[in-house]
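Biologist: Could you walk me through this one in plain words? Let's look at it together.

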Amino acid sequence: MTKPPSVRVLLVLCVVLAVGACTAPAPTTPPATTLRVLASSELADMQPLLDDLRRDTGIELVLDYQGSVAAADSLAAGDHRHDLAWLSSERYFHLKLQATRNTRPRPLSTKIMSSPVVIGVRPKTAELLRREAPDPRLSWADIADAAAVGRVRFGMADPSRTNSGLSALIGVATAAAGTGSALRPQDVTCDRLRGFLTGRTMTAETSNLLVDQFVARQADTDALITYESVLLSLNASGRLTEPLEIIYPEDGIVLSDYPLLLLDPAHRASYDTVVTWLKSETGQRRIMERTLRRPVDPNIPRDPRLAATIGNALFFPDQPEVVDKLLANYDPRSAVHGQVIFLLDFSGSMKGDRIAALRSTFDGLSGADSSSTGRFLRFYQGEKFVLTRFGGQVLAERSFTIGGQADIDAIRAFLATDQFDGRTAVWSALDHAYQTASRLVRDNPGQPVTIVLMTDGESNAGIDFEEFLRRHGSLPPEARAVHTYTIRYGDADPAALDRAARATGGQMVDASATSLHEAFKKTRGCR
């Protein structure tokens with residue numbers, strides 16, 4: 001029986017389709033590609049997302065973890081064998097290239113996510129800080145002030161190895177400088193950081209190791225300085241006896257933006273694929289949900305665990321010398337408490353308003369100065385110094401080590417005397433200070449010693465300046481290395497004080513241009 005034409009056509013189509021189904025190539029998966037990535041250590045929490053990336057794109061990212069600063073050092077030196085780099089920040093890397101005058105093209109870079117460096121504080125400590133602070137919105141100045149007197153003990157990753165530690169140090173130093181702009185070399189002095197660093201009782205080479213240390217020692221540590229994402233994840237982990245309160249310092253934060261860098265241009269196509277996946281709506285949402293880092297896409301609804309506002313973003317230094325000075329001041333090998341010899345003029349011309357200003361200055365240095373800059377410069381736990389009152393001769397001298405309120409009261413009592421002298425032997429007093437300094441450097445090798453000389457008049461007794469220079473020149477080399485910082489007040493001869501400061505490697509500060517209090521804040525005997 002002959003089939004109708006319509007049936008024959010249908011059968012032919014079925015055969016053609018069947019053959020086609022048998023001979024057409026099967027759907028292909030993306031080609032497998034493996035890229036080695038030099039990565040900041042805290043990015044270990046991205047691995048579940050990178051597994052999704054490999055499944056969706058066929059591109060596998062193999063992360064080699066280092067501290068961000070150490071990784072940037074490797075990149076700048078060309079000491080790496082990686083296709084990509086994924087750092088918490090590339091700013092330090094660019095400074096390293098600038099310092100070496102490297103002219104090679106900068107790697108292609110794309111920001112993937114962000115997280116500010118903030119402070120996680122035990123609730124009781126946060127409550128105490130707010131009671132003591134002039135403003136309930138806590139700041140780096142509040143942390144530094146409390147650390148200086150032993151009320152806050154904190155953990156912070158090593159800034160010579162990690163971006164979180166370096167960012168914290170930059171935040172503190174920027175707030176202490178009080179300029180509102182990027183730090184300059186002259187803004188970085190050890191006296192502004194010493195009080196803050198007194199509270200550092202825990203450190204580590206990576207943020208992850210720091211968290212482990214904090215968990216093990218949370219009973220005797222008050223705060224943890226690290227990324228917001230790390231603190232939020234730690235709070236949710238169940239590893240803490242109580243969640244930490246996250247403080248976004250009122251005087252500013254440094255934001256990390258996690259750029260992905262293309263090191264080998266031969267992998268540009270794979271790099272573009274990875275970036276597209278990570279910055280997609282799905283990728284950004286997964287990053288936020290999994291790691292609690294902030295998406296760079298502003299259209300992604302914010303996770304409620306992330307604060308709506310994080311405060312002011314601080315400028316990262318744009319000069320390599322600034323970071324070098326910060327790291328030198330942090331160096332644990334230089335953490336030996338220095339000693340300052342304060343030479344204070346108690347001649348008759350200091351009576352009245354001038355001696356009142358001097359006493360008020362030391363009250364401020366003892367903690368009464370609640371200004372943002374003053375709180376970084378207060379006397380700190382373990383600080384040692386010598387107070388010497390002089391007129392025509394040394395009138396009194398006493399050594400102090402700050403350990404509590406009793407020592408502050410003793411300083412106030414030492415300066416409260418009304419014993420003044422009718423003469424002023426400036427250079428004899430300075431010669432006496434160098435004899436004291438000689439003993440200190442002899443008995444405590446490696447301990448920094450400096451002298452601060454304050455006078456309001458010209459020398460009219462004792463040895464002259466030339467005799468002082470002769471005696472100074474005959475001192476042992478380690479004693480000659482002690483610097484003198486002079487403070488000109490009232491009718492003191494600025495030229496003579498400037499010569500003395502320069503001859504000993506220090507500098508002069510003119511209190512008549514500002515105030516005695518500001519002059520002492522500018523030089524706490526810090527090199």
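Biologist: Which two residues touch the most other members of the largest nonpolar core?

Modeller: This is a predicted model, where local features need pLDDT of at least 70, side-chain atom pairs count only at pLDDT 80 or more, and totals for chains, interfaces and linings use all residues. Residues are numbered from 1 along each chain as its sequence is written, and side-chain values use heavy atoms, with hydrogens and water left out. A nonpolar core is a set of buried Ala, Val, Leu, Ile, Met, Phe, Trp, Tyr and Cys residues joined through side-chain atoms within 4.5 Å; buried means under 20% relative accessible area with a 1.4 Å probe, protein chains only. The largest has 103 residues, and the two that touch the most other members are Leu 61 and Trp 86.

Biologist: Which helix gives the largest share of this core?

Modeller: Helices here are DSSP runs (H or I, at least four residues) and strands are too (E, at least two), numbered from the N terminus. The largest share is nine residues, and they come from helix α7 (residues 163-177).

Biologist: And how many residues are in the second, separate core?

Modeller: Its members include Leu 387, Ala 396, Val 509 and Phe 520. The count for this core is 32 residues.

Biologist: Now for aromatic rings: what kind of pair do Phe 400 and Phe 414 form?

Modeller: Rings of Phe, Tyr and Trp (its six-membered ring) pair if their centres lie within 6.5 Å; planes under 30 degrees apart count as stacked, over 60 as edge-to-face and the rest as tilted. By this rule there are 14 aromatic pairs. For Phe 400 and Phe 414, the centres are 6.1 Å apart and the planes at 80°, making the pair edge-to-face.

Biologist: How many residues apart in sequence are the parts that this pair ties together?

Modeller: Phe 400 lies in strand β15 (residues 394-401) and Phe 414 in helix α15 (residues 405-415), so the pair joins parts separated in sequence by 14 residues.  Both Phe 400 and Phe 414 are buried, and the sequence separation is 14 residues.

Biologist: Why is the pair of Tyr 434 and Phe 468 called tilted?

Modeller: Tyr 434 sits in helix α16 (residues 426-443) and Phe 468 in helix α17 (residues 465-473), 34 residues apart. Their ring centres are 5.9 Å apart, and the pair is tilted because the planes are at 50°.

Biologist: Which ring has the charged end of Arg 389 over it, 4.5 Å from its centre?

Modeller: A charge sits over a ring if NZ of Lys or CZ of Arg is within 6 Å of the ring centre and within 35 degrees of the ring normal. Arg 389 also lies over the face of Phe 346, at 5.5 Å from the ring centre. The ring at 4.5 Å is that of Phe 414.

Technical notes
Buried < 20%, exposed > 50% of the residue type's maximum accessible area, 1.4 Å probe, protein only.
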